[in-house]
Amino acid sequence: MYDGLSTLSKAYTHAKKTQTIMKQNIILAITTVMVLLVGLVYGFVHMGIGMLMHELSILLVTFNALRLLYRKEEY
């Protein structure tokens, strides 16, 4: 936290990036679950493979969120 107004634009940019990545993660997670659920109901996906795909999607969401830690600009 800084008391200068010069960092306000950087904070706004970081907030927008955070919001974008959050939307990406939510869409990815919901899409994965829906596809796996439909595949499981219709017999295209077996339970073990479905669990593996879900765990891999969780890792993908986590790595996507970790992109926020590696920013070029420091506050």
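## Overall dimensions

The radius of gyration is taken here over C-alpha atoms, and the value expected for a globule follows a rule of 2.2 Å times the number of residues to the power 0.38. On that basis a compact globule of 75 residues would have a radius of gyration near 11 Å, whereas the protein chain in this predicted model has 18 Å. The C-alpha trace of the protein chain can also be described along its principal axes, where it spans about 60 × 15 × 15 Å.

## Secondary structure and surface

The protein chain contains two helices and zero strands. Helix α1 covers residues 8–41, and helix α2 covers residues 47–66.

Of the 75 residues in the protein chain, 16% count as buried. The chain exposes about 6400 Å², and carbon and sulfur atoms supply 72% of that area.

## How the two helices pack

Two packed helices are described by the angle between their axes and the distance between the axes. For α1 and α2 the angle is about 175°, and their axes lie 10 Å apart. Because angles over 145 degrees count as roughly antiparallel, α1 is roughly antiparallel to α2.

On the α1 side, the residues that meet α2 are I21, Q24, N25, L28, T32, V33, L36 and L40. Their counterparts in α2 are M47, G50, M53, H54, S57, L60, V61, N64 and A65. Taken by residue type, this contact of α1 with α2 divides into ten nonpolar, seven polar and no charged residues. Considering the protein chain as a whole, and counting contacts with a separation of 6 or more, residues 24 or more positions apart account for 72% of them.

## Two residues in detail

L28 lies in helix α1 and is one of the residues of that helix that meet α2. When residues up to four places away in sequence are not counted, L28 touches S57, L60 and V61, and these three are among the α2 residues listed for the helix contact. L28 has a relative accessibility of 28%, and it therefore counts as partly exposed. Between L28 and L8, which are 20 residues apart along the chain, the C-alpha atoms are separated by 30 Å.

Y70 has its place in the segment after α2. With a relative accessible area of 72%, Y70 is exposed, since the cut-off for that class is over 50%. Y70 and T7 are 63 residues apart in sequence, while from C-alpha to C-alpha they are 18 Å apart in space.

Key
Residues are numbered from 1 along each chain as its sequence is written. This is a predicted model: local features need pLDDT of at least 70, side-chain atom pairs count only at pLDDT 80 or more; totals for chains, interfaces and linings use all residues. Side-chain values use heavy atoms; hydrogens and water are left out. Axes are lines fitted to C-alpha atoms, for helices over the stretch in contact, and angles run from 0 to 180 degrees between N-to-C directions. Helices (H or I, at least four residues) and strands (E, at least two) are DSSP runs, numbered from the N terminus. Angles under 35 degrees count as roughly parallel, over 145 as roughly antiparallel, 65 to 115 as roughly perpendicular and the rest as oblique. Contact means heavy atoms within 4.5 Å. Ala, Val, Leu, Ile, Met, Phe, Trp, Tyr, Cys and Pro count as nonpolar, Asp, Glu, Lys and Arg as charged, and the others, Gly among them, as polar. Buried means under 20% relative accessible area, exposed over 50%, partly exposed in between (1.4 Å probe, protein chains only). Accessible areas come from the Shrake-Rupley method with a 1.4 Å probe; for residues, only the protein chains shown count as cover.
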